[in-house]
Amino acid sequence: MALSARLDLRQSQNLVMTPQLQQAIKLLQFNNLELNEFVEAEIEQNPLLERNDGDGPATLEALEADNLAAYDKAIEGEAVPGAAADSGWDEAPDGPDTMDRTSAESLPATGDDPGDSDYDNNWSSASVEEADPSLSPTLGSWESAGSGGGRGGGEDMPGLEETVRQNKTLREHLLEQVSLDIARPDERIIAADLLDSLDDAGYYTGELQDVAERLVCPLDAVEAVLGKLQSLDPPGIFARTLSECLALQLKDRNRLDPAIQALLDNLPLLAKRDMQGLLKVCGVDAEDMTEMIEEIRSLNPKPGLAFEPDNSEAMVPDVLVRPAPNGTWIVELNPDTLPRVLVNNAYLSQVSRAPKHKSDREYLSECHQSANWLVRSLHQRATTILKVAGEIVRQQDGFFQNGVQYLRPLVLRDIAAAIEMHESTVSRVTSNKFMATPRGIYELKYFFTSAIASSAGGDALSAEAVRFKIKKLIDEEPPTKVLSDDRIVEILRGDGVDIARRTIAKYREAMKIPSSVQRRREKSMRI
């Protein structure tokens, strides 16, 4: 066969993930902390971006109303105030229609979403509108209301930053006591060395022999200093074991006797709820044993944590749900988790008037394009979250009206079909997002539960509702008639729930409820 060169024309289709699409998908699955970090980084890098934080809940009308008039003028060929003529940014397409209502049952089903497979790069040109400031006064309005022209309480009142209370750390609290209670310099040196091996919970984690060798002092002297440190506040500090920590607290209360000391020496039996074995080793009756156990439960197993700052982040909901006067539910976005970012077109127009090189024009055009895309991505993310949350509220109306027992089975596919979005989009939206409701704060994933068939052939029940029924039955069981797993199965089947005994055991263990044998032992000791 002879070799020859030729030209072929072929047609094929493939799905390309553009950088803008990848950014939109990433924004969709961010939680509020990650989103704010990302926005702050973009504002630092892009001189055309600026924050425009407002107050008040964000609804769909607020999300889709901002800048629509300006973009409509741009589409019709009119000049947009503040826009640069040579920015290199193409004019935006039409934005989506605005919504008429914000109640859960009136949210539309649309398919424009960054996670859908049929994405066409046509983002809404609307940005996030600043909500009505009258709904919640801002810090600036609060400050201007004061008589001091910047401080709410007058000129002689301290500033807000000056009133922040500085909590003492555990080490600072102990050093103050060491300087007062330990006078000898050599003992203070030993105490400082012991203090370096104290963990956050207040336990001593080092070895006394190592301290004695390191400081070249007798082991008895180190033990004597440790005894003095164990008498400091809070009670139980510098303990080496849990048993010693609890004993120090009981000693501080003058409640450490041989019987309760024997109980502390056999904490594994207490963990196993072996009451007969505890009665034998402690030499007391059932009534005294119950009192000792209750006293141990009142102690603090980690006394040092009270002096450490709480580094856990507060759970801030992304969606707010409140009842409407007509009996429906109003679904809003939390303004505290919704960054409002605007494109500074006035600054762009100002810098565009000055003569500049081609590289400068390209840089400004790139910044303008990136800024507009980020604004639209944030708007689309907020709109998608609101649609998904609204549909969840609509389908779980029984839960919001009557409680957990009315939670119905729900999967991602149900929400995706109702709002005409891809199932993966719903999954990204519901990950690490929280909803504040009149019944508490719940993760959006909480409302998706598997179905348990009904024995009577009726509607299936939610697994979460079945767990609620199991817990309620166990909480209400009398001490003389503890319910076994088989008995719970019979009761639930009488209520129309078709469930197996192993499922009961799995749900019970997940809720950390002991078995019927262990519950019978505990309740028999309290009678």
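How far does helix α16 reach from its first C-alpha to its last? In this predicted model, α16 covers residues 358–395 and spans 55 Å between those two atoms. That is close to the 56 Å expected at 1.5 Å a residue for its 38 residues. The points below take up this helix, a cavity that it helps to line, and the strands paired with β2.

**Helix α16**
- Most of α16 is covered, with 28 of its 38 residues buried.
- The helix also supplies 3 residues to the lining of the largest cavity, the most that any contributor gives.

**Cavity**
- The structure contains 1 cavity of 30 Å³ or more.
- The volume of the largest cavity is about 70 Å³.
- Its lining is made up of D318, L333, N334, T337, L338, R381, A382 and I385.
- By residue class, this lining comprises 4 nonpolar, 2 polar and 2 charged residues.
- Rolling a probe the size of a water molecule over the atoms shows where empty space is left.

**Strands around β2**
- Strand β2 (residues 319–323) runs antiparallel to strand β3 (residues 329–333), and 5 bridges join them.
- The hairpin formed by β2 and β3 has 5 residues between its strands, and G327 there adopts a positive phi near 95°.
- Strand β5 (residues 434–437) runs parallel to β2 and is joined to it by 2 bridges.
- L320 stands opposite E332 in β3, while its bridge partner in β5 is A436.

Conventions
Residues numbered from 1 in each chain as written. Predicted model: local features only at pLDDT ≥ 70, side-chain atom pairs only at ≥ 80, totals over all residues. Heavy atoms only, no water. Helix = DSSP H or I, 4+ residues; strand = E, 2+ residues; numbered from the N terminus. Expected span 1.5 Å × (residues − 1). Buried < 20%, exposed > 50% of the residue type's maximum accessible area, 1.4 Å probe, protein only. 1 Å grid on protein atoms, 1.4 Å probe; cavity = no way out; pocket = protein on both sides within 12 Å on 5 of 7 lines; lining within 4 Å. Points joined across faces, edges and corners; volume = space filled by probe spheres on them. Nonpolar A, V, L, I, M, F, W, Y, C, P; charged D, E, K, R; others polar. Pairing = 2+ DSSP bridges.
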